[in-house]
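Subject: Handing over the structure, with notes

Hello,

I am passing this structure on to you, and I would be glad if you looked through it alongside the notes that follow.

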Amino acid sequence: MTSPVLFETLLRLADDHLILGHRLSEWCGHAPMLEEDLAMPNIALDLIGQSRALYAYAAEVEGKGQSEDDLAFLRLEKDYHNILMVERPNGDFGHTMLRQFLFSSFMALFWDRAQNSTDETLAGIAGKAIKESLYHIRHSAEWVIRLGDGTDESHNRMVAANTALAPYIGELFETDDVTNTAIASGIIPRASDLRSAWETQVQTVFEQATLTPTLDHLAQTGGRIGEHTEDMGFLLAQLQFMQRTYPNMTW
Amino acid sequence: MSDQNEIPLWEVFIRPRNGLAHRHCGSLHAVDATMALNAARDVYTRRGEGQSVWVVPSAQITASDPLEKGENFEPSETKIYRHPTFYEVPEEVGHM
């Protein structure tokens, strides 16, 4: 395992979690009910906490003296290598819950396997993250079921959310030279090996939600090489504002 | 979702440690028992307060009438001999 591959592997994971955590944090103060106003920032804090551990380790692996904050706040848009799903705008509450369910269902399977990673630090991060991911699935799946199998209005909104998110599913399972090298070294599990378990889990919840999964949609791609959707720049403007305006500030 | 009146109220009880009783800690709105448990976890156990959570529909609680406070509770106020303050609890008994 060469360290550039390990660094890139950690960075991708960290970026997925930071950007989705940031998107969820946008709900703070705007949730449809007080209980969700606490629940979504709770999940956001879990995700950002996971990204912190990954960035701190990535910075150590890189060995160029960068800190976790440098990696999180001071890169250019094309240097963020998250999947596109996590940077898409939140949409309505149902859209946010469905995105969380699709993502967390994948991550729980990923972390479960990654607990056996040949990289001990990543295995340790996985051991903590798996418990958090399992709760994120529980929370989001219950909402997907109730909104999908709810009123005509909520059902139609979930169908729309499913249609909107379908193009971003494929990227979860993408492979390239980086993943192939990392897989060969036993650092991370092969995403395609997780696909059937993921589909079964999604199918089970979608049946209860009276929704039809769209699993073979043409995939949007590009996040892993820094080709983002038009919304990413605005997200980063907000995310990076404080560190760029007041360099090195802490609180 | 905008009309909170349609969403039932639940009372939340948390048990902080093994061996202690569940204690009432507040209430919340949720559409059913599963969602109430999830919400209770998110609202009331954020700082490691709990080992176990109970939720009970608020409508299921039968409460004493505040107007009957006098006949309910005042008679006991003059019976100080019912307080176990004259006994020393042995260390081994632990939490009571």
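In which sense, left-handed or right-handed, does α5(A) pass α1(B)? The crossing of α5(A) with α1(B) is left-handed. Please keep in mind while reading that this is a predicted model.

**Where the two chains meet**

Helix α5 of chain A covers residues 120-148, and it packs against α1(B) at an angle of about 145°, with the two axes 11 Å apart. On the chain A side of this pairing are A:R138, A:H139 and A:E142, which meet B:T34, B:M35 and B:N38 of α1(B). Sorted by class, the residues of this helix-to-helix contact are one nonpolar, three polar and two charged.

Taking the chains as wholes, 13 residues of chain B are in contact with 10 residues of chain A. On the side of chain B that touches chain A, the elements giving two or more residues are β2 (23-29) and α1 (33-44) of chain B, and the largest share, six residues, comes from α1(B). That side of chain B is made up of seven nonpolar, four polar and two charged residues.

**Helix pairs within chain A**

Helix α1 (residues 3-25) and helix α2 (residues 34-62) of chain A have axes 8 Å apart and pack at an angle of about 160°. Angles over 145 degrees count as roughly antiparallel, and α1(A) and α2(A) are therefore roughly antiparallel to each other. The crossing of α1(A) with α2(A) is left-handed, and their contact holds 20 nonpolar, six polar and one charged residues.

A second pair is formed by helix α4 (residues 93-114) and helix α8 (residues 191-208) of chain A, whose axes come within 10 Å and cross at roughly 140°; α4(A) and α8(A) are therefore oblique to each other. Here α4(A) passes α8(A) in a right-handed crossing. The residues of α4(A) that take part include A:F101, A:F106 and A:F110, while those of α8(A) include A:L194, A:W198 and A:V205. By class, this contact has 10 nonpolar, two polar and no charged residues.

**The nonpolar core**

The largest nonpolar core has 85 residues, and those with the most contacts inside it are A:L10, A:L54, A:A58, A:F106 and A:V144. If residues up to four places away in sequence are left out, A:V144 touches A:M97, A:L98, A:F101, A:M158, A:V205 and A:A209.

**Three residues outside the helices**

A:F173 is found in the loop between α6 (152-165) and α7 (177-184) of chain A. Is A:F173 buried or partly exposed? A:F173 is partly exposed, because 16 other C-beta atoms lie within 10 Å, and 20 or more would be needed for a residue to count as buried. A:F173 and A:S192 are 19 residues apart along the chain, yet their C-alpha atoms are separated by 5.5 Å. Leaving out residues up to four places away in sequence, A:F173 touches A:A191, A:S192 and A:R195.

Most residues other than glycine have a negative phi. Against that background, A:T210 has a positive phi near 55°, and A:N248 has a positive phi near 65°. A:T210 is found in the loop between α8 and α9 (232-245) of chain A, and it is partly exposed, with 13 other C-beta atoms within 10 Å. A:N248 lies in the segment after α9 of chain A, and A:N248 counts as exposed because it has 8 C-beta neighbours inside 10 Å.

With best wishes

Technical notes
Residues numbered from 1 in each chain as written. Chains lettered and ligands numbered in written order. Predicted model: local features only at pLDDT ≥ 70, side-chain atom pairs only at ≥ 80, totals over all residues. Contact = placed C-beta atoms within 7 Å. Helix = DSSP H or I, 4+ residues; strand = E, 2+ residues; numbered from the N terminus. Nonpolar A, V, L, I, M, F, W, Y, C, P; charged D, E, K, R; others polar. Core = buried A, V, L, I, M, F, W, Y, C linked by C-beta atoms within 7 Å. Buried ≥ 20, exposed ≤ 12 C-beta atoms within 10 Å, placed from the backbone. Axes fitted to C-alpha atoms, helices over the stretch in contact; angles between N-to-C directions. Left-handed = near helix turned anticlockwise from the far one by under 90°. Parallel < 35°, antiparallel > 145°, perpendicular 65-115°, else oblique.
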